[in-house]
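Student: I am new to this structure and would like a close look at a single part of it, with its surroundings explained step by step. Could you choose one helix and take me through it slowly?

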Amino acid sequence: KTDQHCRWPIPDTQIWRYMMRLNRAHLEHLYHGCVLSFSHFLPKQTLPHFAHGGLPKTTGCEALDEQVRALKGNRRVHVYGHAHRHHSEWDGGVLYVNHYHGEEGGKNDRASLMLIYDGKEVCRTPKETRDAAPRF
């Protein structure tokens, strides 16, 4: 069931297809340099995730992974959420990154950020916030 506060003109079970259609126009572009893409859910079932409750429904959308791989650019990075695990891996020319802003199974209000592109190259560099003060 989707968020009770959202109203969709289509059945809840079809919202993901609608969102995937919104991406199509961007798949036709030839991008120069690094392409950064983002999703709330995991694009592949093989990515590590914290398996609890209904989470398996959010892990691994083959259609999303196909779209990520179809992006045309010199370097591709896909940042995904909902895994509750720190992880990054290269697979098929795409760097998949999840930098959970908490500790495994909990929250950490002073969690570091991760630099994934420095303006020239793809990287995976943890960065502390200026004074490590709580961000929430």
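Tutor: What follows is a walk around the second helix, from its setting in the chain to its two faces, its salt bridges and the core beside it.

Please keep in mind throughout that this is a predicted model. To place the helix, it helps to begin with the whole chain, whose secondary structure comes to two helices and six strands, arranged along the sequence in the pattern α-β-α-β-β-β-β-β. Of its 136 residues, 30% count as buried, and the chain exposes about 9,200 Å², with carbon and sulfur atoms supplying 54% of that area. Among contacts with a separation of 6 or more, 50% are made by residues 24 or more positions apart, and some pairings of that kind will come up below.

Now to the helix itself, H2, which covers residues 62-70. Which of its residues are buried? They are Leu64, Asp65, Gln67 and Val68, and because these buried residues fall within an arc of 160° when seen down the axis of H2, they line one face of the helix. As background, an α-helix has 3.6 residues a turn, so residues three or four places apart point the same way. On the face turned away from the buried side, H2 carries the exposed residues Glu62 and Glu66. The buried residues, for their part, pack against H1, E1, strand E2 (75-80) and strand E4 (94-98).

One residue of E1 gives a view of this neighbourhood from the other side. Serine 37 has its place in strand E1, and it counts as buried because its relative accessibility is 13%, below the 20% that sets the limit for that class. Leaving aside neighbours within four places in sequence, serine 37 is in contact with Val68, Leu71, Val77, His78 and Val79, and Val68 is one of the buried residues of H2.

The charged side chains of the helix deserve a separate look. Arginine 69 and aspartate 65 meet in a salt bridge, at 3.0 Å from N to O, and because the two are four residues apart in helix H2, about one helical turn separates them. The partners differ in their surroundings, since arginine 69 is partly exposed at a relative accessible area of 29%, whereas aspartate 65 counts as buried at 11%.

This pair also belongs to a wider arrangement, for Lys44, Asp65, Arg69, Glu89 and Asp91 are linked in a network of salt bridges, and the structure holds four salt bridges. Lysine 44 forms a salt bridge with aspartate 91, the closest N and O atoms being 2.2 Å apart. Lysine 44 lies in the loop between E1 and H2 while aspartate 91 is in strand E3, so the pair ties together parts that are 47 residues apart in sequence. Lysine 44 also meets glutamate 89 in a salt bridge of 3.8 Å, N to O, and this pair likewise links distant parts of the chain, with glutamate 89 in strand E3 (residues 87-91) and the two partners 45 residues apart. Are these three residues buried or partly exposed? Lysine 44 counts as buried, at 8% relative accessibility, whereas glutamate 89 at 23% and aspartate 91 at 26% count as partly exposed.

Beside these charged groups stands the nonpolar part of the picture. In soluble globular proteins, nonpolar side chains tend to be buried together. Here the largest nonpolar core has nine residues in all, namely Met20, Leu42, Leu47, Leu64, Val68, Tyr80, Ala83, Val94 and Tyr96, and the elements that give two or more residues to this core are H2 and E4. Apart from this core lies another, of six residues, among them Cys34, Val77, Leu95 and Val97. Within the larger set, leucine 47 touches Leu42, Tyr80, His87, Glu89 and Tyr96, not counting residues up to four places away in sequence; Glu89 is also a member of the salt-bridge network.

Put together, the helix shows a buried face with Leu64, Asp65, Gln67 and Val68, an opposite side that carries Glu62 and Glu66, and two residues, Asp65 and Arg69, that take part in the network of salt bridges.

Notes:
Residues are numbered from 1 along each chain as its sequence is written. This is a predicted model: local features need pLDDT of at least 70, side-chain atom pairs count only at pLDDT 80 or more; totals for chains, interfaces and linings use all residues. Side-chain values use heavy atoms; hydrogens and water are left out. Buried means under 20% relative accessible area, exposed over 50%, partly exposed in between (1.4 Å probe, protein chains only). The arc is that of the directions from the helix axis to the C-beta atoms. Contact means heavy atoms within 4.5 Å. A nonpolar core is a set of buried Ala, Val, Leu, Ile, Met, Phe, Trp, Tyr and Cys residues joined through side-chain atoms within 4.5 Å. Accessible areas come from the Shrake-Rupley method with a 1.4 Å probe; for residues, only the protein chains shown count as cover.
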